[in-house]
Amino acid sequence: MHQTRRGIFASGLTLALGIGLSVSVPAGLLSRPAYALEADDARAHVERAVDAVLNLVRAPGDAASKADKLRQVLDQYAAMPQIARFAAGLAWRDMSDAQQAKYTDAFEHFLSTVYARRFSDYAGQDVIVGGVSDSGRRGLTVSSTVTQTGGQPILVDWLVTDRPGRIVIADIVIEGVSLLITQREEIAGMLSARGGDVDRLIADLAAA
């Protein structure tokens, strides 16, 4: 099995790039025919994403300065527009075109800001990127294991697809937990706490 070691803070990386997986995949990622995505390309995409985040974690600067750079990483390696739409749930259909655009922008800002703040917890964990399996219409799943000093290894699966016309990470599952579903539940909770007011949700996400 091909294996590549990459130092990484598991929760910072996977929560930054991983916003979902196997339970469901945004419909936008299934609306186009699959391209000729190869296992080596999927694995390399995950490895490059890991390296990009690791370089950002180790770089000097505060959380605010790193948030903008993290957003660039997310836009480059993950299917952010589709992820944002899925996280909005049923509320997406009730948004105007202008609200959808503002929400998507605010959602990306929110994620990059929140998870850039967690980079301070990086403790030099390693991730072993291993095999690649076929997940059918969803894409290819790249398996990995995050090692921790004095702790149990953490299994992390990365769903990679090329359905948007380019290779992207559509999802991450940590120990069987879908981060996309988790994010969707969080957004639903935030919206409920604001009485279903989408504009308030957008404003608060943008102010994070």
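1. In this predicted model, the axes of helix α6 (residues 97–116) and helix α8 (residues 198–206) come within 8 Å and cross at roughly 35°. The crossing of α6 and α8 is left-handed. On the α6 side, the contact is made by Gln99, Lys102, Tyr103, Ala106, Phe107, His109 and Phe110; on the α8 side, Val198, Asp199, Ile202, Leu205 and Ala206 take part. Two packed helices are described by the angle between their axes and the distance between the axes.

2. Leucine 205 deserves separate mention. Leaving aside residues up to four places away in sequence, leucine 205 touches Tyr103, Ala106, Phe107, His109, Phe110, Ile187 and Met190. The largest nonpolar core has 54 residues, and Leu205 is among those that touch the most other members, together with Leu70, Tyr103, Phe107, Trp158 and Ile187. In soluble globular proteins, nonpolar side chains tend to be buried together.

3. The overall layout may be stated next. The protein has eight helices and six strands. Read from the N terminus, the order of the elements is β-α-α-α-α-α-α-β-β-β-β-β-α-α. Of its 208 residues, 50% count as buried. Among contacts between residues at least 6 apart in sequence, 66% join residues at least 24 apart.

4. How far apart are the end C-alpha atoms of helix α2 (residues 39–58)? The distance is 29 Å, which agrees with the 28 Å that its 20 residues should span at 1.5 Å a residue. The buried residues of α2 are Ala42, Arg43, His45, Val46, Glu47, Ala49, Val50, Ala52, Val53, Leu54, Leu56 and Val57. The list thus includes Arg43, His45 and Glu47.

5. Helix α3 (residues 63–77) can be checked in the same manner. Its 15 residues should span 21 Å at 1.5 Å a residue, and the end C-alpha atoms are 20 Å apart, in agreement. Lys66, Ala67, Leu70, Arg71, Val73, Leu74 and Tyr77 are buried in α3. An α-helix has 3.6 residues a turn, so residues three or four places apart point the same way. Leu70 also appears among the core residues that touch the most other members.

6. Strands β2 (residues 126–134) and β3 (residues 140–148) run antiparallel and are joined by seven bridges. Valine 129 of this pairing stands opposite serine 144 in β3. Five residues lie between the two strands of the hairpin, and glycine 136 takes a positive phi near 65°. Glycine 130 lies in strand β2 and counts as buried because its relative accessibility is 6%, under the 20% cut-off. Although glycine 130 and serine 144 are 14 residues apart in sequence, their C-alpha atoms are 5.4 Å apart in space.

7. Strand β3 also pairs with strand β4 (residues 151–161), again in the antiparallel sense, through eight bridges. Serine 143 has aspartate 157 of β4 as its bridge partner, and valine 146 stands opposite isoleucine 154. The hairpin of β3 and β4 has two residues between the strands, and glycine 150 in the turn has a positive phi of about 75°. In a regular strand the side chains alternate between the two faces of the sheet.

8. The pairing continues from β4 to β5, where six bridges join the antiparallel strands. Here valine 160 stands opposite isoleucine 169 in β5. Between these strands there are six residues, and glycine 165 of this hairpin takes a positive phi near 100°.

9. Which residue has a positive phi although it is not a glycine? It is glutamate 175, with a value of about 50°. Glutamate 175 is found in the loop between β5 (168–174) and β6 (177–178). Most residues other than glycine have a negative phi, and most peptide bonds are trans. Glutamate 175 counts as partly exposed because its relative accessibility is 46%, which falls between the cut-offs of 20% and 50%.

10. A final point concerns glutamate 185, found in helix α7 (residues 179–193). Is glutamate 185 buried or exposed? Glutamate 185 is exposed, because its relative accessible area is 54%, over the 50% cut-off. Glutamate 185 and alanine 88 are 97 residues apart in sequence, while the C-alpha to C-alpha distance between them is 9.0 Å.

How values were computed:
Residues are numbered from 1 along each chain as its sequence is written. This is a predicted model: local features need pLDDT of at least 70, side-chain atom pairs count only at pLDDT 80 or more; totals for chains, interfaces and linings use all residues. Side-chain values use heavy atoms; hydrogens and water are left out. Two strands pair if DSSP finds at least two bridges between them. Helices (H or I, at least four residues) and strands (E, at least two) are DSSP runs, numbered from the N terminus. The expected span of a helix is 1.5 Å times one less than its number of residues. Buried means under 20% relative accessible area, exposed over 50%, partly exposed in between (1.4 Å probe, protein chains only). A nonpolar core is a set of buried Ala, Val, Leu, Ile, Met, Phe, Trp, Tyr and Cys residues joined through side-chain atoms within 4.5 Å. Contact means heavy atoms within 4.5 Å. Axes are lines fitted to C-alpha atoms, for helices over the stretch in contact, and angles run from 0 to 180 degrees between N-to-C directions. A crossing is left-handed if the near helix is turned anticlockwise from the far one by less than a right angle, and right-handed if clockwise.
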